Amino acid sequence: MSESLSGKIVLSGNQYGKAENRVVRIVRDTARHEIRDLNVSSCLRGDFTDAYLTGDQSKVLPTDTQKQTAYAYAKKVGISSPEEYALALATHYVDDIEPVDEALIEVEEFAWERAIVDGEEHPHTFVKASAEVRTVAVTHNKEHTWVVSGVKDFVLLKSTGSEFKGFFVDPYTILEETDDRVMATSLVMQWRLVGTDPGELGFDGLFARIRDIAIAKFATVHSLALQQTLHRIGEAILEEFPLVAEVRMSAPNKHHFVYDFSAFDDVENNKEVFHADDRPYGLIQAAVSREDAPDAGPAWVTYRNWL
């Protein structure tokens, strides 16, 4: 029998903003130019109930204004790092726009590498770097600020040093155990700072070092399972950086199956030829944190992936 409800219908949540402003900032102060290539989303939270219930826009800062602000701040405050840029935007919205109680700025950065011409770095020509994307989410209200940095589309593969055996078996289990397999993933990894200070490395240096730690652990840990590798990555980051409160990771298992040459008498496959299968895939997720980590508040509440 179906259940029915009779309670009052209310607006139980809301947020709004301008998503995916493609902001490119080129610093031209010298003959050697620098580039930062960003995808910027701003999300505002506050007492905007009337806009939803009656259409009253008197407290609503237009999303077009948020777009203009994203571009203006790229020049006004610059983009020394995506985190510092996001902190400036979030602080502006809460401090300067009266109806705004809380602001979330999400940033994706697309990397460019300086072109090499005749063995030397060219001063104003760049080549698109790898597909991985640096990510930032800054949430700011009148009481606190949270900074979450990260990386996505971070593709890693090791051709050995990984096994998977001793798993639980039921009547539908046909997977064979292995002590030597290709392990690959497109890692999403995010780390939450204790405060807003990245330490002596700065935000760019901290990002580079944490990325290096992830690569090193992925490579050197003899993996009994992708779950174990994720934990070791998070653990290593927290051990080196007391200013990091928590690391979260999501890792799709990019399967590589040894191709079956049994139909051919003259072809052997000693784990040298594989079929890369993109789906279905195992999706392994983990959070590694400190027992004394400060409360995350709204740090993990997103904008574009709110639903």
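Student: Why does asparagine 253 count as buried?

Tutor: Buried means under 20% relative accessible area, exposed over 50%, and partly exposed in between, with a 1.4 Å probe and protein chains only. Asparagine 253 has 10% relative accessibility, so the residue counts as buried. This is a predicted model, in which local features need pLDDT of at least 70, side-chain atom pairs count only at pLDDT 80 or more, and totals for chains, interfaces and linings use all residues. Residues are numbered from 1 along each chain as its sequence is written, and side-chain values use heavy atoms, with hydrogens and water left out.

Student: Where is asparagine 253 found, and which residues does it touch?

Tutor: Asparagine 253 is in the loop between strand 7 and strand 8. Helices (H or I, at least four residues) and strands (E, at least two) are DSSP runs, numbered from the N terminus. Contact means heavy atoms within 4.5 Å. Not counting residues up to four places away in sequence, asparagine 253 touches Arg181, Ala184, Leu226, Tyr281 and Gly282.

Student: Why is phenylalanine 218 called buried or exposed?

Tutor: The relative accessibility of phenylalanine 218 is 5%, and the residue therefore counts as buried. Phenylalanine 218 belongs to helix 4 (residues 202-220). Neighbours within four places in sequence aside, its contacts are Leu156, Leu157, Lys158, Met183, Thr185, Thr229 and Ile233.

Student: What can be said of histidine 33, in the loop between strand 1 and strand 2?

Tutor: Histidine 33 has a relative accessible area of 14% and is therefore buried. Among its contacts, neighbours within four places in sequence left aside, are Ile26, Arg114 and Phe126.

Student: What makes strand 3 and strand 4 a pair?

Tutor: Two strands pair if DSSP finds at least two bridges between them. Strand 3 (residues 100-117) and strand 4 (residues 120-141) are joined by 14 bridges and run antiparallel, so the definition is met. Isoleucine 116 stands opposite glutamate 121 in strand 4.

Student: Why are strand 1 and strand 10 called edge strands?

Tutor: The open sheet has eight strands in the order 1-2-3-4-5-6-7-10, with antiparallel pairing. Strand 1 (16-27) and strand 10 (283-289) each pair on one side only. From one strand to the next, the twist averages 20 degrees. Helix 5 (residues 226-240) packs on the sheet, touching strand 6 (183-193), strand 7 (244-252) and strand 10, and its direction makes about 155 degrees with that of strand 7. Axes are lines fitted to C-alpha atoms, for helices over the stretch in contact, and angles run from 0 to 180 degrees between N-to-C directions.

Student: What distinguishes a cavity from a pocket?

Tutor: On a 1 Å grid over the protein atoms alone, a cavity is a set of points where a 1.4 Å probe fits but cannot get out, while a pocket is an open set with protein on both sides within 12 Å along at least five of seven lines; lining residues have an atom within 4 Å of a point. Grid points are joined across faces, edges and corners, and a volume is the space filled by probe spheres set on the points. The search finds one cavity of 30 Å³ or more. The largest cavity holds about 40 Å³ of space, and the largest pocket has a volume of about 610 Å³.

Student: Which residues are the closest to the centre of the largest pocket?

Tutor: Of the 22 lining residues, these are Leu175, Glu176, Thr178, Arg181 and Phe257. Strand 8 gives the largest share of the lining, four residues.
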